[in-house]
Amino acid sequence: GAEGYFSTVSGGGVDLREIPTDNIESVEIIKGIPSVKHGDLTSGAILVNTKASVTPFIGKVKFNPHIKQAYLGKGIKVGQGGGSLILDLDYAYSQSDVRMPNPSFNRLNGQATYTNTFLDSRWYTTSKLSLLRTHDKDRDDADQATLEKRYSKDLGFRLSTSGKIRAKNSKKSGCLNYNITASYKDQVSYNRSLRSTSIQPLPVAMVDSTYEAEYLPSEYYTATKIEGKPFNLFTSFDYRFHQKLGAVHNRIMMGGDYKIDANWGAGRSFDPDYYPSTTQRARPFSEIPALHQFSLYLENKISAQVLGHAFRAQVGLRYDNIQPVSPVKGKFGQVLLPRLNVSYDLFKDFTICGGYGISSKSPSLVYLYPDRAYFDPLSFNMYSSNYPEESLAIITTKVFRPDNSNMKLSKMHKYEFGFDFTFRGNSFNLTWYNENLKGGYSFEDVLAVVPYPVYDIYSYMPGQGQQPTLDYTNVDTA
């Protein structure tokens, strides 16, 4: 159920082609043993932050053999105390191989970012609205069959607001951080192609059955359409404060997040003006339940002097609940994820460090709710080129409904040990690590025994305009 006619990240991650680079302010790479704030990952993550301040007018045009790109951006101050507003527009066109016209990719991205402070500068907030349009298509090609056509279109938006609110009492160091992000896309992929093959019957049954099937011509067009309407919502809140107990300084963070992934699209369908696919069936995405993920986390960053040298530790615990049915139970499991990082300045310019942690990755919808598998063996097949009206095909369809209700989160166990030192202005880092992933996700072929009836001819007179009569009494099983 994850295959596509164009590049797809279904069950994989984020399409990096949708991210324009010219309005990026910073990129943070999360590796090793991350903070418990970061969940739903195994090896690491990349955090991309876009510009959110007053900037001069910027106009760029880029050309190379594969990409043509244009960018316009400007950050302005909105009156006295009105904050700042950044507007930018980006267009890109790419072609993977300049010797071939197909496929090509177009992207148009516009973003408005508003930043301001309130409550005597104690509340800092940033809100962003992004509009995206992509078009993956085949251009007109002289070598392409007349009616062949392929395209994939995305049109969507992303709205987010994030910020931090500091405590009113200056003697307290508490700070509330929040992030709310929602995105929605209207996706349409269409593929109409010419098939040339031997004459064969067309399976169409959606349930277990044995039936007479229609023959396809030796050359025909088939057209498949995939319509998706993915919706994603992410909310995160955490409270951070400092506490000093003697010589020990604690920076404590507690919070949680909630995530929803859904797709309300019509899914896979077939153009009624053409023949359907012989290997797939229609499937609406709306029959797939939304995926909910609930998490809580607690972390303390400790710093102190031990035997006259600096000691630092980051101790945290994260709780993930996938498809929760209650706060303490999830349909696809719940898990506690401890994480620990420690470092000690053994000498002035020499630090030893180490850590242990568990991170987890939840399965995506394509793994949790896979499509049905259809097997269509021929119980009888006789095609007559001299008397086509006397041809007869009997297909037995067996439908397998994969049940992944016992699927659990995949978990990555990590151990690290190393040291950092500085010598004459040069920094050196050496880290030994061990990573062990358990319960990773992939598609696997499964052996299945599919018994089906096989019929013989009971009587048949060629040229009489009648299909053969089958022997339904002595039926073999294959």
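Let's start with R372, which has 32% relative accessibility, so it counts as partly exposed. You'll find R372 in the loop between α1 and β23, and its salt-bridge partner E287 sits in the loop between β16 and β17, 85 residues apart. The closest N and O atoms of E287 and R372 are 3.8 Å apart. E287 also counts as partly exposed, because its relative accessibility is 38%. And this pair has company: salt bridges that share partners join R268, R283, E287, D371 and R372 into one network. Keep in mind throughout that this is a predicted model.

Okay, more on charges. Side chains of opposite charge can pair when their charged atoms come close. How many salt bridges does the structure hold? There are 17. I'll walk you through another two.

One is D376 with R281, where the closest N and O atoms are 2.8 Å apart. Again we have distant parts of the chain being linked: D376 is in the loop between β23 and β24, R281 is in the loop between β16 and β17, and 95 residues separate them. Is R281 buried or exposed? R281 is buried, because its relative accessible area is 3%. D376, on the other hand, has a relative accessible area of 24%, so we call D376 partly exposed.

The other is K259 with D40, and here the closest N and O atoms are 3.2 Å apart. K259 belongs to strand β15, residues 248–263, while D40 is in the loop between β1 and β2, so the pair links parts of the chain 219 residues apart. D40 comes out at 18% relative accessibility, and the cut-off for buried is under 20%, so D40 counts as buried. K259 is at 25%, which means partly exposed.

While we're in the loop between β16 and β17, look at T278, which is found there too. T278 has 19% relative accessibility, so T278 also counts as buried. What does T278 touch, once you skip residues up to four places away in sequence? The list is L202, P203, L216 and Y220.

Right, on to the nonpolar side of things. The largest nonpolar core has 14 residues, and L291, I322, F332, L365, L368 and Y369 are those with the most contacts inside it. At least two residues of this core come from β21, residues 334–347, and at least two from α1, residues 365–368. Which element gives the largest share of this core? That would be α1, with four residues. If you want one residue to click on, try L368: leaving out neighbours within four places in sequence, L368 is in contact with L291, F332, P363, N404 and M407. There's also a second, separate core of six residues, and F380, L392, I394 and Y455 are among them.

Now swing the view round to the other end of the numbering. V14, L16, I19, V27, I29, I46 and V48 make a nonpolar surface patch of about 680 Å². Strands β1, residues 24–30, and β2, residues 45–50, each supply at least two residues of that patch. Take I29, in strand β1. I29 counts as exposed, because its relative accessibility is 62%.

Then there's L47, which lies in strand β2. L47 is at 27% relative accessibility, so we're in partly exposed territory. Not counting neighbours within four places in sequence, L47 is in contact with S26, V27, E28, I30 and H38. How far apart are L47 and S236? They are 189 residues apart in sequence, but 15 Å apart in space, C-alpha to C-alpha.

Last bit: zooming out. The protein chain has one helix and 29 strands. Its C-alpha trace spans about 100 × 50 × 45 Å along the principal axes. For 478 residues, a compact globule would have a radius of gyration near 23 Å, but this chain has 30 Å. Of those 478 residues, 38% count as buried. The accessible surface comes to about 27,400 Å², and 57% of that belongs to carbon and sulfur atoms. And if you take contacts between residues at least 6 apart in sequence, 63% join residues at least 24 apart. Those salt bridges I showed you link distant parts of the chain too, with K259 and D40 as one of the examples.

Terms used. Residues are numbered from 1 along each chain as its sequence is written. This is a predicted model: local features need pLDDT of at least 70, side-chain atom pairs count only at pLDDT 80 or more; totals for chains, interfaces and linings use all residues. Side-chain values use heavy atoms; hydrogens and water are left out. A nonpolar core is a set of buried Ala, Val, Leu, Ile, Met, Phe, Trp, Tyr and Cys residues joined through side-chain atoms within 4.5 Å. Buried means under 20% relative accessible area, exposed over 50%, partly exposed in between (1.4 Å probe, protein chains only). Contact means heavy atoms within 4.5 Å. Patches are made of residues with over 30% relative accessible area and no salt bridge: like charges are joined within 9 Å, nonpolar side chains (Val, Leu, Ile, Met, Phe, Trp, Tyr) within 5 Å. Accessible areas come from the Shrake-Rupley method with a 1.4 Å probe; for residues, only the protein chains shown count as cover. A salt bridge is a side-chain nitrogen of Lys or Arg within 4 Å of a carboxyl oxygen of Asp or Glu. The radius of gyration is taken over C-alpha atoms; the globule rule is 2.2 Å times the number of residues to the power 0.38.
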